[in-house]
Amino acid sequence: MRIEVISLFPQLIEQVGAFGMARKAVEVGALQLIATDLRNFAQRADRRVDERTFGGGPGMVLQAEPVSRALAAAHSCAPGAKVVFLSPQGAPLTQAWAERLAAEPAVVLLCGRYEGMDERLAGQVDVELSLGDFVLSGGELAAMVVVDAVARLLPGVLGDAASAREDSFSCGGLLDHPHFTRPREWQGRAVPDVLLSGDHAAIRRWRLKRALGATWLKRPELLAGVDLDEEQQALLREFVAQCRESGNEVKS
Ligand code: SAH
């Protein structure tokens with residue numbers, strides 16, 4: 001897929017494509033990442049693209065014309081590309097959004113700065129996405145987050161596609177189960193026996209129970225949106241009972 005990020009700081013965006021899974025996505029040809037400098041579309045000789053806000057008050061605003069020109073140039077390379085404006089006023093970025101964007105052939109990520117963009121650009125935006133209820137000084141970090149979250153979902157990027165399917169929010173809307181690695185014992189704490197048993201059915205049950213348990217403990221509100229089958233309900237009941245009994249850690 002093609003992701004073009006329009007920003008005042010394209011060097012920041014280039015960094016996300018230089019490391020980890022986003023880099024791998026570029027290397028395997030699953031992702032074409034383009035960082036476009038908004039100043040290339042400035043109308044003024046000094047290459048500025050911001051102006052004072054009408055109505056008075058502090059802060060500058062990105063002007064409509066340079067942004068609109070940058071979007072037109074992006075669409076001339078990728079007609080039909082979805083335009084995402086990163087904004088604290090947007091819908092929360094979720095795994096479902098990452099999956100939706102990863103299914104698109106082309107996406108344009110638009111990064112605001114200062115007070116944001118001229119409101120008249122709203123009609124050129126398909127969706128506003130937010131990283132959370134806080135205000136960043138620019139959309140670049142949010143765009144980098146989107147690039148990373150999307151890149152790892154593209155075909156051929158994760159070594160084992162199953163690992164993305166089992167991650168938090170993907171596996172039936174639950175959190176991921178806990179993971180352990182070598183050594184088998186560390187600081188007097190052993191890895192749960194079942195994980196060393198080679199009994200795949202028991203391991204699957206354990207993981208499902210612990211995924212349900214992690215969700216119940218850490219993000220109980222997520223369970224309201226999940227339709228648990230009989231096995232899941234039984235495993236969750238088991239986890240809750242063990243948790244209440246032991247008053248702390250569930251060991252098996
Ligand atoms: N005046 C705006 C905030 C502007 S912050 C308001 O209060 O709504 C400048 C830019 O940073 C925004 O245009 C947006 O692109 C980016 N930004 C800030 N917070 C963000 C967040 N939580 N998620 C995504 N982008 C954000």
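**View 1. Polar contacts of the ligand in the predicted model.** In this predicted model, an N or O atom in the side chain of Gln89 lies 2.9 Å from an oxygen atom of the ligand. A polar contact here is a pair of N or O atoms within 3.5 Å. A polar backbone atom of Leu131 is 3.0 Å from a nitrogen atom of the ligand, and a polar backbone atom of Gly139 is 3.5 Å from a ligand oxygen atom. Of the 560 Å² of accessible area that the ligand has on its own, the protein covers 87% (Shrake-Rupley method, 1.4 Å probe).

**View 2. The shell around the ligand.** The ligand is surrounded by 21 residues, of which Leu86, Gln89, Gly112, Phe134 and Leu136 come nearest (near: a heavy atom of the residue within 4 Å). Ten residues of the shell are nonpolar, nine are polar and two are charged; Gly counts as polar in this division. Strand E5 (82–92) and strand E7 (127–130) each supply at least two shell residues, and E5 gives the largest share, five residues. Strands are DSSP runs of at least two residues and helices of at least four, numbered from the N terminus.

**View 3. The pocket that holds the ligand.** The largest pocket is where the ligand sits. A pocket is an open set of points on a 1 Å grid over the protein atoms alone, with protein on both sides within 12 Å along at least five of seven lines. A molecule sits in a pocket if more than half of its atoms lie within 2 Å of its grid points.

**View 4. Backbone features between H6 and E8.** The peptide bond from Arg182 to Pro183 is cis, with omega near 0°. Pro183 belongs to the loop between helix H6 (161–166) and strand E8 (185–186). Phe169, in the loop between H6 and E8, is a residue other than glycine with a positive phi, near 75°.

**Notes to all views.** Residues are numbered from 1 along each chain as its sequence is written, and side-chain values use heavy atoms, without hydrogens and water. Local features need pLDDT of at least 70, side-chain atom pairs count only at pLDDT 80 or more, and totals for chains, interfaces and linings use all residues.

Methods: A polar contact is a pair of N or O atoms within 3.5 Å; within protein, one must be able to donate a hydrogen and the other to accept it, and residues adjacent in sequence count only if both atoms are side-chain atoms. On a 1 Å grid over the protein atoms alone, a cavity is a set of points where a 1.4 Å probe fits but cannot get out, and a pocket is an open set with protein on both sides within 12 Å along at least five of seven lines; lining residues have an atom within 4 Å of a point.
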